[in-house]
Amino acid sequence: MTFDELDQKMRVYERSLDQVILPEIYVVARIDGRNFTRLTKEICKFEVPFDERFHNYMIITVKHLMDCGFRTIYGYTESDEISLLFHRDETAFNRKVRKYNSILAGEASAAFTNALGTIAAFDCRLIPLPTLELVQDYFHWRQEDAHRNSLNAYCYWLLRMDGFSATKATAQLKGESVSCKNELLFSHGVNFDKLPSWQKRGTGVYWEEYEKAGFNPNTGQPEIAQRRRLRVDDELPLQRKYSQMIAALLY
């Protein structure tokens, strides 16, 4: 069997599980930390329930992912997860799912590891969203998840510091309403509404245009150039205003 014959034969098996995202459909990649509970609590021992150093490492990772070769529109991070929204017309790697998943997980793992100074790993999944409304719903969902997780985390660690075991703290909070959890925090001097927005809503990263003073070597005259940079937004809007923000980024 010649090499070309062998190559053709084996390529069939290599491509047997290939899947592609259909054209003209928005794609979001969700990238999650793998075994981050152990990483943050045992290996690195970050502050609980939130650590600004960890938050900064996640932002570094988002910014890297948004500038590593894909046409990205918006990045969002809360806790140890990242959501990336791609341009609807992105065609890199012929929109092959396995390529996006492997590259994005690898890039995130490398960027976070480099920032942290110890090994960290991420996994990745792609989520096809056919309409703008579904894109808006997706990011509303992740923002609501951030709010829920933040409230639960503050309550859980407050109880742990009060002497509750992990099991008892979890059981104590099970089934409690949002108002009861807020009251629990308030009774210990914590006003949840006044906590940093990034802890309750997550953080957005998106491209913005800006003007930069420059010099034209051909004319010898100063000129203003249009440039693009990533903006980190720790004060994301809510509900309708958040939907409007997402729509504005897409058009």
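Modeller: A polar contact is a pair of N or O atoms within 3.5 Å, where one can donate a hydrogen and the other can accept it. The model discussed here is a predicted one.

Biologist: What makes the approach of the Arg95 side chain to the backbone oxygen of Ile25 a polar contact?

Modeller: The Arg95 side chain reaches that oxygen at 2.8 Å. The limit is 3.5 Å, so the pair qualifies as a polar contact. Arg95 itself is found in the loop between strand E3 and helix H4, and the residues it touches include Gln19, Pro23, Ile25 and Tyr100.

Biologist: How do you know that Arg95 has no salt bridge?

Modeller: The nearest side chain of opposite charge, Asp89, is 6.6 Å away. A salt bridge requires a nitrogen within 4 Å of a carboxyl oxygen, therefore Arg95 has none, although Arg95 is buried.

Biologist: Why is Ile31 called buried?

Modeller: Its relative accessibility is 0%. Buried means under 20%, so Ile31 belongs in that class. Ile31 is found in strand E1, and its contacts include Leu65, Ile82, Leu104 and Phe122. Ile31 and Leu104 are 73 residues apart in sequence, yet 7.6 Å apart in space, C-alpha to C-alpha.

Biologist: How do you know that the buried residues of helix H2 line one face of the helix?

Modeller: These residues are Phe36, Leu39 and Thr40. Seen down the axis of H2, they fall within an arc of 85 degrees, so they line one face. What covers them includes strands E1 and E4 and helices H3 and H4. On the other side of H2, Thr37 and Glu42 are exposed.

Biologist: Why is Glu42 called exposed?

Modeller: Glu42 has a relative accessible area of 53%. Exposed means over 50%, so Glu42 meets the criterion. Glu42 also forms a salt bridge with Arg38, at 3.8 Å from N to O. Both residues lie in H2, four residues apart, about one turn of the helix.

Biologist: What makes the pairing of Arg148 with Asp145 a salt bridge?

Modeller: Their closest N and O atoms are 2.7 Å apart. The cut-off is 4 Å, so the pair counts as a salt bridge. Both residues lie in helix H5, three residues apart, about one turn of the helix. Salt bridges that share partners join Arg148 and Asp145 with Glu78, Glu81 and Arg142 into one network.

Biologist: Is Asp145 buried or exposed?

Modeller: At 12% relative accessibility, Asp145 is under the 20% limit and therefore counts as buried.

Technical notes
Residues are numbered from 1 along each chain as its sequence is written. This is a predicted model: local features need pLDDT of at least 70, side-chain atom pairs count only at pLDDT 80 or more; totals for chains, interfaces and linings use all residues. Side-chain values use heavy atoms; hydrogens and water are left out. Buried means under 20% relative accessible area, exposed over 50%, partly exposed in between (1.4 Å probe, protein chains only). Helices (H or I, at least four residues) and strands (E, at least two) are DSSP runs, numbered from the N terminus. The arc is that of the directions from the helix axis to the C-beta atoms. Contact means heavy atoms within 4.5 Å. Lys and Arg count as positive and Asp and Glu as negative; His and the chain ends are not counted. Lists of a residue's contacts leave out its neighbours within four places in sequence.
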